[in-house]
Amino acid sequence: MKNGRIIKLTGGLYTVMNETDQSILNLKARGLFRHTNESPKVGDFVTYDEDFIMTIKERENSLLRPPISNVDQAILIQSSKAPDFQFTLLDQFLLLIEHEDILPVIVINKIDLLTEKELLELKQAMTYYETFYDVYYVSAKMQIGIDQLPDVFRDKVSVFAGQTGAGKSSILNALDASLDIKTNEISKALGRGKHTTRHTELIPLFGGLIADTPGFSKLDFSHINEDEVAHCFVDFFALSSQCKFRECKHINEPKCVVKEAVSKGNILPARYDDYLYIMNIVKEHKKQR
Ligand SMILES: Nc1nc2c(ncn2[C@@H]2O[C@H](COP(=O)(O)OP(=O)(O)OP(=O)(O)O)[C@@H](O)[C@H]2O)c(=O)[nH]1
Ligand SMILES: [Mg+2]
Ligand SMILES: [Zn+2]
């Protein structure tokens, strides 16, 4: 039996890279695996023989969407324009990543489409997030700020996540032109669907691996409960030990430090609105169960 890592999944075939000699094999999986009750996914460490993936080693972490496991960090890529920057989407992504105990890094792309004034305003609005996350401003098209990224990715396993069209594949191309990954316009010309990148693939770069992933337009919170939402808003969680109630959800409870911080302007009101919005979605899910 050999040891390796799944680096790609296309059309039911897994591409496995051998742990010792980096040789590549395309293999099938033996149905569902008892251990995880799931099929293997990109990022999994596996044992395999000539034809099949035999076992999946225990995962350190695992994301539902994009489907990947064992990553060190998730790079949330959002465009500043086309599609427009959305704080709500940012808060939703951050929650999903935090829920899996993965470190989020924020990359804002397409800054070439903003006027100087608009860029300044966006940076201003983002200063709140910069107190607890790293934020980078780039333009894949104009090669602005791209030179900061290799140090972010060095020796780490990173997954790119973000809305379709945000420029995930374009940033990879900007980092290494030889990758020549397909981006939006080309596939439009071919008349293919909305999402340009069709599969998740780990690409060796800067001593680590980076996963390009298909973008998605709808986020899923069905696996998350209300307590988890409260814990995964890290800025709220940091304050929550001072709330009167131990399991305070920061909604209707009296003497809630989070609500106080919102009214004092120490927490962004819009972020609190996003929190309430997600809490509502999660509550509705619970009712339907
Ligand atoms: N103006 C401008 N356009 C960009 C920039 N980066 C990417 N684009 C354009 O945005 C479109 C989408 O880019 P992609 O890299 O395909 O986006 P993606 O996030 O990989 O999309 P999916 O694979 O569908 O998830 C393309 O037409 C790119 O040329 C940028 O920095 N500035
Ligand atoms: Mg893409
Ligand atoms: Zn509270």
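**Packing, strand pairing and ligand shell in a three-domain model**

The buried residues of helix H1 (residues 87-99) pack against strand S8 (73-79), strand S9 (103-109), strand S11 (157-161), helix H6 (226-232) and helix H9 (269-288). The model described here is predicted. The residues of H1 that are buried are Leu90, Asp91, Phe93, Leu94, Leu95, Leu96 and Ile97. The end C-alpha atoms of H1 are 18 Å apart, in agreement with the 18 Å that its 13 residues should span at 1.5 Å a residue. After H1 comes Asp101, which has a positive phi near 60°. Before H1, in the loop that leads from S8 to the helix, lies Pro83. The peptide bond between Ala82 and Pro83 is cis, with omega about -5°.

The domain assignment divides the chain into domain 1 (2-59), domain 2 (68-212) and domain 3 (226-288). Between the C-alpha centres of domain 1 and domain 2 the distance is 27 Å. Their contact involves 10 residues of domain 1 and nine residues of domain 2. On the domain 1 side, strand S1 (residues 2-10) supplies the largest share, four residues. By class, this side of domain 1 consists of four nonpolar, two polar and four charged residues.

S1 also takes part in strand pairing. With strand S2 (residues 13-18), S1 forms an antiparallel pair of six bridges, in which Ile6 is matched with Val16 of S2. Two residues lie between the strands in the S1-S2 hairpin, where Gly11 has a positive phi near 50°. S1 is further paired with S4, again in the antiparallel sense, over four bridges. In this pairing Asn3 is opposite Thr47 of S4, and Arg5 has Phe45 of S4 as its bridge partner.

Strand S4 (residues 45-48) presents Val46 and Tyr48 on its covered face, while Phe45 and Thr47 make up the uncovered face. The two S4 residues matched with Asn3 and Arg5 thus belong to the uncovered face. S4 pairs with strand S5 (residues 52-56) as well, in the antiparallel sense and over three bridges. Tyr48, from the covered face of S4, has Ile53 as its bridge partner in S5. The connection from S4 to S5 is a hairpin of three residues.

Ligand 1 is surrounded by 23 residues, of which Gly167, Ser170, Thr183, Thr197 and Gly215 are the closest. Two elements give two or more residues to this shell, helix H4 (168-175) and helix H5 (184-189). The contribution of H4, three residues, is the greatest. The shell comprises four nonpolar, 14 polar and five charged residues.

H4 is itself mostly covered, with six of its eight residues buried. These are Lys168, Ser169, Ser170, Ile171, Leu172 and Ala174. Ser170 is thus both one of the buried residues of H4 and among the closest residues to ligand 1. The cover over the buried residues of H4 includes S8, S9, S11, strand S12 (201-205) and strand S13 (208-212). S8, S9 and S11 also pack against the buried residues of H1.

Several further backbone features lie in loops. Most residues other than glycine have a negative phi, and most peptide bonds are trans. A second cis peptide bond joins Arg65 to Pro66, with omega about -5°; Pro66 belongs to the loop between strand S6 (62-63) and strand S7 (68-69). Gln22, a residue other than glycine, has a positive phi near 60° and sits in the loop between S2 and strand S3 (24-29). Gln22 counts as exposed because it has 10 C-beta neighbours inside 10 Å. His250, also not a glycine, has a positive phi of about 60°. The loop that holds His250 runs between helix H7 (234-239) and helix H8 (257-264). His250 counts as buried because 26 C-beta neighbours lie inside 10 Å.

Glu121 is located in helix H2 (residues 116-130). Glu121 is exposed because 12 other C-beta atoms lie within 10 Å, a number that meets the limit of 12 or fewer. Between the C-alpha atoms of Glu121 and Ile203, which are 82 residues apart along the chain, the separation is 34 Å.

Note on methods:
Residues are numbered from 1 along each chain as its sequence is written. Chains are lettered from A and ligands numbered from 1 in the order in which they are written. This is a predicted model: local features need pLDDT of at least 70, side-chain atom pairs count only at pLDDT 80 or more; totals for chains, interfaces and linings use all residues. Domain bounds come from an automatic or database domain assignment. Two residues are in contact if their C-beta atoms, placed from the backbone, lie within 7 Å. Ala, Val, Leu, Ile, Met, Phe, Trp, Tyr, Cys and Pro count as nonpolar, Asp, Glu, Lys and Arg as charged, and the others, Gly among them, as polar. A residue is buried if 20 or more other C-beta atoms lie within 10 Å of its own, exposed if 12 or fewer, and partly exposed in between; C-beta atoms are placed from the backbone. Two strands pair if DSSP finds at least two bridges between them. A residue is near a molecule or strand if its C-beta atom, placed from the backbone, lies within 6 Å of it. The expected span of a helix is 1.5 Å times one less than its number of residues.
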